[in-house]
Structure formats: structure tokens, C-alpha cells
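Reader: I should like a close look at a single part of this model, followed by an account of its surroundings. Please set out the conventions along the way.

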Amino acid sequence: MQTAVIIVAAGRGSRMGGEVPKQWQMLAGKPVLAHTLAAFAGMRVVLVIHPDDRERALALGTDALLVDGGATRDASVQAGLRALEGTQVEAVLIHDGARPLVSRALIERLGAALQSHDGAAPALVVSDALWRGAGGLVSGTVDRAGLFRAQTPQAFRLAPILAAHRSHPGGAADDVEVARAAGLDVAIVDGEETNLKLTYPGDFARAEAILKGREMDVRLGNGYDVHAFCEGDHVWLCGVKVPHGKGLLGHSDADVGMHALTDAIYGALAEGDIGRHFPPSDPQWKGAASHIFLAHAIGLARSRGYELGNCDVTLVCERPKIGPHALAMQAELARIMGVDEGRVSVKATTSERLGFTGREEGIAALATAVLVKT
Ligand code: MG
């Protein structure tokens with residue numbers, strides 16, 4: 001379903017104070033609307049503006065279609081809808097310009113709900129008690145059961161919502177009201193506390209705090225491990241059993257590649273190494289399968305809000321040959337960590353017969369891991 005976004009930004013914003021309408025005021029160094037537009041990056045956008053704001057809108061450098069709004073919100077929404085009439089667009093998200101923090105996840109929830117409903121809109125359950133008040137005194141309470149706080153974007157099929165607007169007498173609080181007046185069914189999807197509408201001056205400080213919290217937090221770690229060869233007929237490398245004329249000596253299964261990767265993740269978290277979490281002095285880890293260590297490290301990362309960006313493991317040995325097993329190793333590491341294989345790299349090198357790896361006394365492994373706060 002081809003979807004477009006109508007951002008309604010033609011209002012003059014009387015509650016905020018100041019000369020400049022709120023959607024044009026600065027938030028974290030950019031106009032509010034620049035943030036709102038960024039939330040819909042890559043989508044087709046109609047930006048409905050006040051005619052006096054055309055210079056400001058052009059200065060945003062946006063490729064959104066600029067449309068002049070009307071005297072009321074209804075009129076502005078209709079101007080946006082008419083601009084899409086006769087195009088390939090089948091569905092539309094109608095959004096308040098003063099809600100700059102809408103997430104991609106929320107936009108996707110709306111798209112999913114619109115598959116089976118005429119409309120879909122985000123809302124939050126009312127959890128506070130509700131009062132009526134008069135003259136500074138509580139004059140009554142309101143039952144909050146079944147009450148929601150409505151947000152935008154509100155999603156509809158284009159033709160029915162345009163028809164609904166044309167037949168509506170005006171004065172609706174939002175587009176859901178217009179849709180329902182025309183008999184359309186509107187699904188409620190989960191809204192977000194962070195999808196706040198900038199209404200009062202204090203809202204800007206809150207929005208800036210939320211934006212700051214979303215700044216990229218990227219962590220890098222490295223790991224290095226060595227295990228010596230011993231008698232045996234196979235080695236475990238990156239979770240794959242590889243036949244070989246020798247084994248690897250170690251307290252656990254001696255999976256040198258997985259150990260290096262596990263240490264890289266612990267390193268990114270500033271959490272020491274495998275030995276801190278699984279002490280070799282503890283007999284319960286004797287002969288342990290190394291996937292326990294790797295799963296623990298990635299689980300610790302997730303518990304702190306990090307996800308694996310990517311990782312890269314290099315095995316250093318003359319033999320066994322790694323190439324025939326590299327894809328299986330990549331798949332196994334990805335499976336253990338619960339990530340796409342495209343985020344996992346396993347490669348190998350020899351050391352040109354130099355040093356302990358060159359003399360085939362053992363295998364060394366290096367790993368790098370990047371964790372990203374989600
Ligand atoms: Mg080790």
C-alpha cells in the first residue's frame with residue numbers, strides 16, 4: 001500500500017508564547033519541524049504550512065511537497081489530502097507537526113493495523129485519576145475506565161478519509177473524529193509516552209532530554225585468545241567441530257575463536273573477560289561448551305540495553321584449513337547470539353610459518369565486537 005504522510009504545521013500556536021509558532025521554534029539546535037520531518041525520512045511527505053512560513057519551510061531543505069493550509073486544522077488537513085488526490089497514494093498518515101519524536105516502530109504499528117481496518121491511531125491508556133475542577137477546588141471525579149489519550153500520526157485509506165472530511169461539518173478534535181462520523185472503524189494501536197506534543201514551554205526541555213537519550217551510544221571491544229595443541233582428533237572453533245590431527249588444550253572445550261569473541265563483548269561492556277564470569281578454578285566449567293560463555297556475554301549486553309552491531313573474528317593458524325568451515329562458523333555464532341549472519345564475520349590467516357602458530361604449536365584468535373545502545 002503506497003503511503004504518504006501529511007504533516008500539519010499551519011497553526012500559529014497560541015499556548016506556547018513567543019513570536020515564533022511552536023513548530024518553528026528551536027529544539028536541540030533545529031526547528032521542531034526538522035525533527036518531525038526526520039522521523040518520516042524516506043517517506044513521501046506533504047508539509048502543510050501557513051503561507052507566511054514558506055521562507056522558513058524552504059530553509060529546511062526538505063523534499064516534502066509544501067502546501068498552504070487553511071484557517072482551521074480541518075481545512076489544513078483537507079488541503080494536504082487534496083494534494084494527494086489522483087496520485088498512486090492509497091494510505092495516509094496525518095500527523096501534528098508539533099510531535100517531533102514519533103518513532104519508526106509506531107509508524108510500523110500503524111501500517112500493520114491499517115491492513116485490517118479503515119483507520120488506525122495511537123493512544124495511551126489513561127492511568128491517572130481524572131477530576132473535574134472549578135475555582136481551584138475538586139468538584140468531581142471522572143471514571144477513567146475505557147479512556148485513552150489520543151496521539152498522531154493517525155492512519156487512514158486516502159479516499160475514505162478525504163470523503164469523510166468533505167462531508168464533515170468541521171470543528172472535529174482530530175481526524176479520528178472525522179473518520180468515525182463517516183462510519184469508518186479506527187483501530188487503537190499502542191502510543192508512546194515519548195511521542196509528546198509540544199504545547200507548553202516546559203515540553204521543550206522534556207523533548208530535548210528524550211532526544212539526548214536517543215543519541216548513539218556505541219561501544220567497541222576486542223578479544224584475544226590462544227590455546228595450545230594437544231593430542232586429539234578434532235578441534236572446536238567458533239562452535240564448529242573441525243576434524244584435525246590434534247586437539248586443543250584448555251579448561252573448557254578450548255574454542256579459541258569463541259573465547260576471543262566473548263571477551264570482545266565483555267570488553268565492550270567494560271566487564272572484564274571470561275575468567276571473571278566463569279572462573280577456571282570453579283570445577284563446574286571444566287570441559288564446558290563455550291556457547292555458554294558467549295550466550296552469557298550477549299545476554300549481559302542486552303540486559304544493559306545494547307545490541308550487537310557487528311563482530312569480526314580472525315583465527316590464526318596454519319592448519320586446520322578454516323575456509324571450508326567459515327560459513328558454518330558464521331552461522332553458529334549468529335545462532336548462539338540471536339543475530340543476523342550478516343552481522344558476524346569469521347575469517348582466518350596463517351602467520352607465514354612464523355612464531356608459535358607458524359610452528360603449529362597452537363591457534364590464536366582475535367575478535368572485535370561493536371555494541372549499539374537500542
Ligand atoms: Mg580460551
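Author: Ala 297 is found in helix H10, helices being DSSP runs of H or I of at least four residues and strands DSSP runs of E of at least two, numbered from the N terminus. The model is predicted, so that local features need pLDDT of at least 70 and side-chain atom pairs count only at pLDDT 80 or more, while totals for chains, interfaces and linings use all residues. Residues are numbered from 1 along each chain as its sequence is written, and side-chain values use heavy atoms, with hydrogens and water left out.

Ala 297 is buried, with a relative accessible area of 0%; buried means under 20% relative accessible area, exposed over 50%, and partly exposed in between, for a 1.4 Å probe and protein chains only. Not counting residues up to four places away in sequence, Ala 297 touches Thr 262, Ile 265, Tyr 266 and Leu 269, where contact means heavy atoms within 4.5 Å. By contrast, Lys 30 is 267 residues from Ala 297 in sequence and 39 Å from it in space, C-alpha to C-alpha.

The helix that holds Ala 297 also packs against a further helix. The axes of H10 (residues 291-303) and H11 (residues 326-337) come within 9 Å and cross at roughly 50°. Axes here are lines fitted to C-alpha atoms, for helices over the stretch in contact, and angles run from 0 to 180 degrees between N-to-C directions. That crossing makes H10 oblique to H11, since angles under 35 degrees count as roughly parallel, over 145 as roughly antiparallel, 65 to 115 as roughly perpendicular and the rest as oblique. On the H10 side the contact is made by His 291, Leu 294, Ala 295, Ile 298 and Arg 302, and on the H11 side by Leu 333, Ile 336 and Met 337. By class, this contact has six nonpolar, one polar and one charged residues; Ala, Val, Leu, Ile, Met, Phe, Trp, Tyr, Cys and Pro count as nonpolar, Asp, Glu, Lys and Arg as charged, and the others, Gly among them, as polar.

Ahead of H11, Pro 320 lies in the loop between strand S17 (306-316) and that helix. The peptide bond from Arg 319 to Pro 320 is cis, with omega near 0°. A cis peptide bond also joins Thr 152 and Pro 153, with omega about 10°, and Pro 153 is found in the loop between strands S10 (148-150) and S11 (154-157). Most residues other than glycine have a negative phi, and most peptide bonds are trans. Glu 352 has a positive phi of about 55° although it is not a glycine; Glu 352 counts as exposed at 64% relative accessibility.

The metal site involves the helix H8 (residues 256-268), which holds His 259. The protein donors of the magnesium ion are Asp 225 (OD), His 227 (NE2) and His 259 (ND1), lying 2.1 to 2.2 Å from it. Donors are N, O and S atoms within 2.8 Å of the metal (3.2 Å for Na, K and Ca); water is not among the atoms, so sites may look incomplete. Along the chain the donors follow the spacing D-x1-H-x31-H. Asp 225 lies in strand S13 (residues 218-231), so Asp 225 and His 259 tie together parts that are 34 residues apart in sequence. Both Asp 225 and His 259 are buried.
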